[in-house]
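Here are some notes to keep beside you on a first look through this structure. They begin at one residue, move on to a strand and its partners, and end with the chain as a whole.

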Amino acid sequence: MIEIILPDGSVRKIENPITVLEFAKTIGSSLGKATVGAIFDGVQVDSSFIIHRSGKIEIITLNSENGIDILRHSAAHIMAQAVQRVFPGTKVTIGPVIENGFFYDCDPVKPFAEDDLIIIEKEMEKVVKEKHQFTREEMTAADAKKLFAEMGEDYKQEIIDDLGVESVSIYKQGEFVDLCRGTHLPSTGYL
């Protein structure tokens, strides 16, 4: 039996492993629709995270500060995907959330012009409509470096070296692959 402790101290018991999203739906369908992640035993996780052991959970919804950060972080990935679609050969580095939004550092083949922002935004709208699922994968640092080498993403290889870790997480949405610790929306369509 898996015991899940809610923020109010109440305990819900589940028999089998279940995703955060499925768990949220057991509390209420409206909560399930609003869920974009959770904090499980002090660690922020995606809504697809599988709860396989007892622990404390706090569901994250879009109308919370953490939820807005998840939305912005996902938007940064969508922007990077759009940039690489419309400007092939552009390398991406990091794309964090900031106080009033997000950004993504890019190394384009030729510098961006102000008019390029309109093109990028239109492509972002296409990515959102395509409703690509954000999927997370753990891999060894060596395998991740090999993957990014094949993609010509030397900045990602440098970041992995700088992290000095044995394993990393990779997120994919459609054809876009990125080194990232997460957390992300369930799909690009949530934006």
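1. Let's start with H73, which you will find in helix 3, the helix that covers residues 65-86. Please keep in mind throughout that this is a predicted model.

2. Is H73 buried or exposed? Its relative accessibility is 14%. Buried means under 20%, so H73 counts as buried.

3. What surrounds H73 once its neighbours within four places in sequence are left aside? The contacts of H73 are then G95 and V97, together with C180, G182, T183 and H184. It is worth selecting these residues in the viewer and looking at them together with H73.

4. Next, have a look at strand 4, made up of residues 35-40. Five of its six residues are buried, so strand 4 is largely enclosed by the rest of the structure.

5. Which strands pair with strand 4? One of them is strand 7 (residues 55-61), joined to strand 4 by five bridges. The two run antiparallel. To find your place in this pairing, look for I39, whose bridge partner in strand 7 is E58.

6. Strand 5 (residues 43-46) is also joined to strand 4, here through four bridges, and this pair is antiparallel too. A handy marker is F40, which has V43 as its bridge partner in strand 5.

7. Strands 4 and 5 form a hairpin, with two residues between them. In the turn sits D41, with a positive phi of about 50°. While you are looking at strands, a general point may help: in a regular strand the side chains alternate between the two faces of the sheet.

8. Now step back to the whole chain, which has six helices and 14 strands. Its radius of gyration is 18 Å, and the globule rule gives 16 Å for 191 residues; the two values are close, so the chain is as compact as a globular protein of that length. The C-alpha trace spans about 55 × 35 × 30 Å along its principal axes.

9. How much of the chain counts as buried? The figure is 41% of the 191 residues. Among contacts with a separation of 6 or more, 61% come from residues 24 or more positions apart.

10. Finally, the surface and the charges. The chain exposes about 10600 Å², of which carbon and sulfur atoms supply 52%. There are 20 positive and 31 negative side chains, and the centres of these two sets are 6 Å apart.

Methods: Residues are numbered from 1 along each chain as its sequence is written. This is a predicted model: local features need pLDDT of at least 70, side-chain atom pairs count only at pLDDT 80 or more; totals for chains, interfaces and linings use all residues. Side-chain values use heavy atoms; hydrogens and water are left out. The radius of gyration is taken over C-alpha atoms; the globule rule is 2.2 Å times the number of residues to the power 0.38. Buried means under 20% relative accessible area, exposed over 50%, partly exposed in between (1.4 Å probe, protein chains only). Contact means heavy atoms within 4.5 Å. Accessible areas come from the Shrake-Rupley method with a 1.4 Å probe; for residues, only the protein chains shown count as cover. Lys and Arg count as positive and Asp and Glu as negative; His and the chain ends are not counted. The place of a charge is taken as NZ of Lys, CZ of Arg, CG of Asp or CD of Glu. Two strands pair if DSSP finds at least two bridges between them.
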